[in-house]
Amino acid sequence: MTMKFNRRGFIKKGVIALIGAQLGYLFFDSFKRKDQSDKDQKWFEVGPLSNLEKNTIYPYQSGQFYLSVLEDGGILAFSVKCTHLGCVIQAQKDGFICPCHSSSFNKYGEVMSPPATRALDTFDIKVKNGILMVNNQNAKKRSQFEKSQITYA
Amino acid sequence: MTSKPSKKSYGIFTTFLLHLHPPMVDKSAIKFTRTFGLGGINALLFVILAVTGVLLRFSYIPTPNQAYESILNLQNQTFLGGLLRNLHHWSAKLMVITAFLHLLRVFFTQSIYFERKRNWFYGLGLFALILAFNFTGYLLPWDQLSFWAVTVVSNMPYYIPFVGEGLSNFLRGGPDVDGHTLLNFYNLHTSILPLLFVVLMSLHFYLVRKAKGVTLENPEEKEMVIVMPNLVIRETLVALGLFIGLLLVSMLFAAPLLEYANPQLSPNPIKAPWYFAGMQELLIHIHPTLAILVVPVLFIGFLFWMPSQEIKRENIGKWFYNEQGKSILIYSSLLSFFFTFALVLINDYIIADMMNSLTPLLFGWIPFIIYILLTIGIIFFLKKKFKIDKFELFNALFTIIFTSYVVLSLISIYLRGNNMELIF
Ligand code: HEM
Ligand code: HEM
Ligand code: FES
């Protein structure tokens with residue numbers, strides 16, 4: 001029996017191609033799932049603005065974020081996830097500390113001590129009829145703190 | 001009653017072993033100290049893990065809501081369920097160690113060159129699979145330990161440029177560790193990895209025989225003996241001893257299980273699985289891109305590149321390359337032990353604070369550079385003292401690096417307390 005192509009080689013290549021296609025599909029699919037959740041604009045209702053005191057950090061565990069109210073009334077919302085490797089940071093008096101590799105951040109989210117190399121991710125904030133809301137679905141990466149990231153009501 | 005040994009009277013186990021071996025082997029090849037039986041021990045551990053693993057599958061439920069409870073039920077309500085889990089747990093831990101010792105054995109008897117090069121690659125593949133097994137298995141109980149360890153490790157690829165984030169999300173099935181991750185890991189752990197492992201292990205065994213057996217200290221002095229009973233009896237004894245030992249440990253010590261996973265609270269301190277503890281400690285000291293990308297790529301590259309070098313045949317099979325090899329090993333491991341430990345302390349108490357006050361962006365470059373300089377220093381010292389050649393240099397470098405990893409692991413496991421501060 002003669003064959004035009006080598007059967008074993010053909011099957012081998014076929015199997016590799018199939019596995020490759022499947023892995024490729026899964027790989028790109030994993031990007032897609034993330035993009036979809038980004039489009040999902042959901043706002044977490046924090047409550048009346050007037051309840052917030054200056055110079056305080058408020059934890060919102062169920063919303064996975066911290067509110068940092070600055071001395072001039074400016075507000076920042078931080079993701080609870082450490083920018084180093086994703087542990088949940090803990091609020092201190094004047095900033096945050098990560099239990100995993102002890103990175104610390106100040107109330108602006110800036111890195112005070114590594115291993116983290118990026119400032120904390122932020123969430124958008126808006127105020128509607130005196131009620132503060134946080135878009136906790138879409139974490140914004142930033143390399144450092146800038147004044148423009150603060151929201152003033 | 002007397003009975004002549006005949007082929008029919010062998011048990012299943014013996015017959016199986018006879019299939020794997022040639023009929024005759026060299027006497028010095030089956031001396032216990034030639035291989036310490038480590039390859040066979042690994043194979044047996046895999047069999048134990050596969051059997052206990054398949055049994056565990058009968059009660060384990062791979063969903064975030066039910067995984068933890070299913071393990072509690074297994075431990076508390078199933079006859080011998082706890083023992084089954086403990087057996088799987090301790091065998092898995094032991095296998096990391098025995099596979100690593102086996103790696104050391106083949107490395108330091110220079111059994112990785114020429115016709116054994118390919119088997120060294122397969123071996124490295126097997127080692128990677130064992131780590132993957134352990135890591136995916138770690139998540140399955142879905143307790144605080146597994147959830148956070150997997151969160152931290154699965155974020156590591158983020159520091160690999162371009163492909164890192166995609167890779168992380170691919171493995172996790174999304175941006176967070178959740179039900180998708182559990183299902184992914186469960187499938188990897190109980191079907192894909194075992195398949196790959198069996199294939200690689202078969203190739204590995206085949207290549208050992210193709211290379212005409214293990215390397216020997218003095219290949220010229222051949223004295224052949226028959227495999228049955230000389231080798232088979234030893235294998236059976238080691239196997240029995242290992243199994244009884246594991247059974248005892250599993251009866252005495254329960255596999256850990258913390259509270260149910262809580263994605264809103266990282267425990268303090270959180271520790272990576274022990275075989276990644278050295279990595280976690282490294283992450284405290286040097287820049288994440290160095291720790292996660294540069295160092296592993298360099299080290300693994302070195303392991304793959306090294307066997308392509310042309311070693312002299314007469315050095316193959318000699319423990320530690322030659323007579324002075326043992327001294328080089330002792331010097332390099334002691335020096336590395338001391339320097340790594342000192343560097344960790346100095347970095348924690350002095351350099352880190354100094355650099356923080358400058359800029360966190362420079363974090364972790366100074367200790368990395370100091371470490372490289374120290375390593376070069378040790379090598380120069382050895383060059384002067386022992387006049388080492390290329391292969392002795394490889395062995396020394398390997399010794400220095402793996403000793404450092406052991407030191408980092410020990411510090412991470414035993415000397416780190418709350419907020420990862422050093423405790424004495
Ligand atoms: C070959 C088939 C295997 C199957 C079907 C299997 C199945 C399972 C299952 C169902 C669990 C969940 C139960 C539990 O967490 O206690 C588990 C856990 C685990 N497996 Fe496997 N496994 C296999 C092989 C292996 C191998 C080869 C290793 C390591 C080298 C390994 C390491 C682990 C670890 C570390 C855990 C976590 C155990 C614990 O937390 O106590 N498994 N495995
Ligand atoms: C965990 C799965 C493994 C199993 C079941 C296994 C099994 C074996 C066995 C039975 C031998 C014959 C001699 C001996 O027992 O030492 C052997 C030799 C060998 N193994 Fe493995 N091994 C495993 C992992 C590894 C790893 C992790 C490496 C290295 C990275 C490796 C590299 C080698 C090499 C190079 C040889 C040839 C040694 C010689 O000819 O002297 N193996 N293996
Ligand atoms: S995850 Fe926060 S310091 Fe590593």
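These are my notes on two interfaces of chain B, one between its own domains and one with chain A.

**Entry 1: the model and the split**

I'm working from a predicted model. I looked up how chain B is divided and got domain 1 at 15-266 and domain 2 at 268-424. I then checked the C-alpha centres of these two domains of chain B, and they sit 25 Å apart.

**Entry 2: domain 1 against domain 2**

How many residues are in contact here? I find 39 from domain 1 of chain B and 36 from domain 2 of chain B. Together the two domains bury about 3500 Å², and carbon and sulfur atoms give 75% of that area. I also asked which three residues of domain 1 supply the most of what it buries against domain 2: they are B:Phe108, B:Tyr113 and B:Phe114, with 21%.

Next I went after the polar side of this domain interface. The salt bridge count came back as zero. The polar contact rule gave me five residue pairs, both partners at pLDDT 80 or more.

Then I listed the elements that give two or more residues to the domain 1 side: helix 2 (32-35), helix 5 (81-108), helix 6 (117-139) and helix 7 (144-155) of chain B. Helix 5 of chain B gives the most, with nine residues. Sorted by class, I have 26 nonpolar, six polar and seven charged residues on this side of domain 1.

**Entry 3: chain B against chain A**

I moved on to the other chain. Here 36 residues of chain B are in contact with 30 residues of chain A. The two chains bury about 2800 Å² between them, with 60% of it on carbon and sulfur atoms.

How many salt bridges does the rule find between chain B and chain A? I got one. The partners are B:Asp176 and A:Lys81, and I read 2.3 Å between their closest N and O atoms. I also noted six residue pairs in polar contact across these chains, again both at pLDDT 80 or more.

For the chain B side, I found that helix 7, helix 8 (164-172) and helix 11 (277-285) each supply at least two residues. Which helix has the largest share of the side that touches chain A? That is helix 8 of chain B, with five residues. My class tally for this side of chain B is 20 nonpolar, 14 polar and two charged residues.

**Entry 4: one cross-check**

I went back over helix 7 of chain B, and I have it listed on the domain 1 side that touches domain 2 and also on the side of chain B that touches chain A.

Notes. Residues numbered from 1 in each chain as written. Chains lettered and ligands numbered in written order. Predicted model: local features only at pLDDT ≥ 70, side-chain atom pairs only at ≥ 80, totals over all residues. Heavy atoms only, no water. Domains from an automatic or database assignment. Contact = heavy atoms within 4.5 Å. Buried area = accessible area lost by both parts, 1.4 Å probe. Salt bridge = Lys/Arg side-chain N within 4 Å of Asp/Glu carboxyl O. Polar contact = N/O pair within 3.5 Å; in protein donor to acceptor, adjacent residues only side chain to side chain. Helix = DSSP H or I, 4+ residues; strand = E, 2+ residues; numbered from the N terminus. Nonpolar A, V, L, I, M, F, W, Y, C, P; charged D, E, K, R; others polar.
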